[in-house]
Amino acid sequence: MEEDCTKYKIRRDFNVYFTRNAKLDYYRFPSIMVNNLKDLFQIDKTSPWEIIDELEIFIGKENCSHLLLMVNFVIGVRLFTYCVKNQQHDAIHICTATRHLSGAHLQDVLMDTTASSRDVITIPFTNLLQHFFLRYMSCSLSVPARLKDAANKSPSSFKQLMQGCPMYCGCKYCILLAKLLTNFQADDVIDKVDVVLKSIEESWHHKIEPADRARDIVFGIIQKWYLEIEDYHSILKLLQDELQSNQHLTSSEKANLLYYTAECQTKLEEYPTALTSIEEAIKMSPASDLFAHMMLKAEILHKLQDYTQLEKCCKRSMELQSQCVPKLNVTKDTLEIYYYYTDALIQNKEFEAALGYLEKAKSLCKQGEEIHWTFKQFLQRMITCFIALGKQDNAEYIRKLLEQHKNK
Ligand SMILES: [Zn+2]
């Protein structure tokens, strides 16, 4: 059973949000769990409900109700997908691309069709899903831990250990993780990081899973949550509290927090303060992370219409680019620099120079069938430059090219 539990264990960290395939086995865990307990306590029944009935004298009424909820939930979801799609669905996936505040639910994706299948079912009962995950997470944590404690012990004490095995934790951290797996709702109360950490300390599970990494995870989830409800003022408060109160931050972590701060201030259209924040971030940032920071600075300078500084910022970014971790990829990053740089050059009336970069940008925009979103903007700027330089024929040629792409 320990092996089964480890195999089907839910990762209790921020990665649950990104690891979509991990959900493949959600359906299987409850029945595997029930069957293992059946063997352990030598119960001679076949249906999961009968087994759970018999288990009551061994693991208690409360734990049985947790098992029952999980087993029934899985059957319910399977029935639901069957009713809606008239066929079996074998996996639950979070479809991040389709997560919106109003309609964000865990997505049930039909796995046996192609990977690009759009045959997605939304599971509408979010609260029930969260209850399911709370029990799943707890069981996959407590059961293997109990079995480890029970190793080398006699079968009777082994059973005794299982009797007191907790199968549910409702601490604020577990609830936060369950919400991360499903959905944040607009009326959810968002606790402070310290409140969540205190709640972990009071739970049973911190004895099994030390909470030393929890701080970063909790911080990340709360930040993400505010982001989903677009509450930038609360993110700012969160970031500023962290910058002031956390004494253990490395300069790289500080730079990141300042980057997020500048990003929020930009969203709130507080451009001068955003500029101050990003400049502080740039001072502290390791050289390899500088590119993303410089691009945010470019965006802010662009909003401030400070084209002299913008030109400098773009030149510096071009010098730095090869030594930095790419933001998206080299081509898209280059296009982003050119997007700001060519506008700065045009505003500073350096049309010849602008044209040189616009030509480069134009050819970079077409990668196979795909045309980058900036393409039409670059053509438009080329027209501006040609007209400013009195080259009407060239302007006309680009205008025709633009017409061809207008309807695409
Ligand atoms: Zn907990």
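**Figure 1. Overall contacts and secondary structure of the predicted chain.** Of the contacts in the chain with a separation of 6 or more, 58% are between residues 24 or more positions apart; two residues are in contact if their C-beta atoms, placed from the backbone, lie within 7 Å. The model is predicted, so that local features need pLDDT of at least 70 and side-chain atom pairs count only at pLDDT 80 or more, while totals for chains, interfaces and linings use all residues. Residues are numbered from 1 along each chain as its sequence is written. The chain contains 17 helices and five strands, taken as DSSP runs numbered from the N terminus (helices: H or I, at least four residues; strands: E, at least two). Of its 408 residues, 33% are buried. A residue is termed buried with 20 or more other C-beta atoms within 10 Å of its own, exposed with 12 or fewer, and partly exposed in between.

**Figure 2. Close-up of helix α9, residues 232-245.** The 14 residues of α9 should span 20 Å at 1.5 Å a residue, and this agrees with the 20 Å between its end C-alpha atoms; the expected span is 1.5 Å times one less than the number of residues. The buried residues I235, L236, L238 and L239 belong to α9. They lie on the same side of α9 because they cover an arc of only 165° around the axis, the arc being that of the directions from the helix axis to the C-beta atoms. H233, Q244 and S245 are exposed on the other side of α9. The packing partners of the buried residues of α9 are α8 (214-228) and α10 (251-267).

**Figure 3. Close-up of the segment 255-288, listed in UniProt as "repeat: TPR".** The UniProt record for this segment is an unreviewed entry, and such annotations may be inferred rather than shown by experiment. In the model, residues 255-288 are 79% helix and 0% strand. The end C-alpha atoms of this segment are 12 Å apart.

**Figure 4. Close-up of Q42 in the loop between α2 (28-40) and α3 (48-85).** Q42 has a positive phi, near 50°, and is a residue other than glycine. Most residues other than glycine have a negative phi. Q42 is exposed, with 8 other C-beta atoms within 10 Å.

**Figure 5. Close-up of Q305 in the loop between α12 (290-303) and α13 (307-320).** Although Q305 is not a glycine, its phi is positive, at about 55°. Q305 counts as exposed, with 11 C-beta neighbours inside 10 Å.
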